[in-house]
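Welcome! Take a moment to look over the sequence and the 3D structure, and then let us walk through them together.

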Amino acid sequence: MEARMKSVANPDVITAIQHLHKAIHAGGVDPLVLELVHLRASQINGCGPCVFAGVQSAKKLGETEERLHNVVAWRETPFFTEEERAALALTEAATRIQDGAPGVTDEIWDAAATHFDEKQMSAIILNIAITNFFNRINHTIREQAGKTW
């Protein structure tokens, strides 16, 4: 499979994305939690470039191979904190919005809100949204993992 475009490189879009990333990282959420959120949403969407980038970024932050290999099955492992589990559950519910999916239930929201304040919740939600944004762009243009990043 070949990429259809090198990127969607509109300077105004890139500037806007940089501002969004700045806002996300100013939200007070542990950067590793943000990387786990990014990785899980990207796994759900089958976005190779974002999974690749998420793993690389998490490793730079000191994440272990054991945990990275188990993000996909986080519910069945002992490797994640309650805070991380709440963020991962929110990520899955917000990402899986296909027909008939329940989305973010009150139970999922309340669990996340137990661990994160409103500013942090905003950062996590924005991180989920921008990850899904990039996942869809990459699927559309057939971006390849590791080719340009």
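A disulfide is a pair of cysteine sulfur atoms within 2.5 Å. Keep that cut-off in mind as you look at Cys50: its sulfur lies 3.5 Å from the closest cysteine sulfur, which belongs to Cys47, and that is too far for a bond. Seen from the other side, the closest cysteine sulfur to that of Cys47 is the one in Cys50, again at 3.5 Å and too far for a bond. How many disulfides does the structure hold? The count is zero.

Please remember that this is a predicted model, so every distance here describes a prediction.

Where do these two cysteines sit, buried or exposed? Cys47 has a relative accessibility of 1% and counts as buried. Cys50 is buried too, with a relative accessible area of 1%. With the whole protein chain in view, 38% of its 149 residues count as buried.

Now step back to the overall fold. The protein chain has seven helices and zero strands. If you follow the chain from the N terminus on, its elements read α-α-α-α-α-α-α.

How do distant parts of the sequence meet? Take the contacts in the protein chain with a separation of 6 or more: 70% of them are made by residues 24 or more positions apart.

Finally, turn to the outside. The protein chain has an accessible surface of about 8500 Å², and carbon and sulfur atoms account for 56% of that surface.

Note on methods
Residues numbered from 1 in each chain as written. Predicted model: local features only at pLDDT ≥ 70, side-chain atom pairs only at ≥ 80, totals over all residues. Heavy atoms only, no water. Helix = DSSP H or I, 4+ residues; strand = E, 2+ residues; numbered from the N terminus. Buried < 20%, exposed > 50% of the residue type's maximum accessible area, 1.4 Å probe, protein only. Contact = heavy atoms within 4.5 Å. Areas by Shrake-Rupley, 256 points an atom, 1.4 Å probe, with all protein chains shown as cover.
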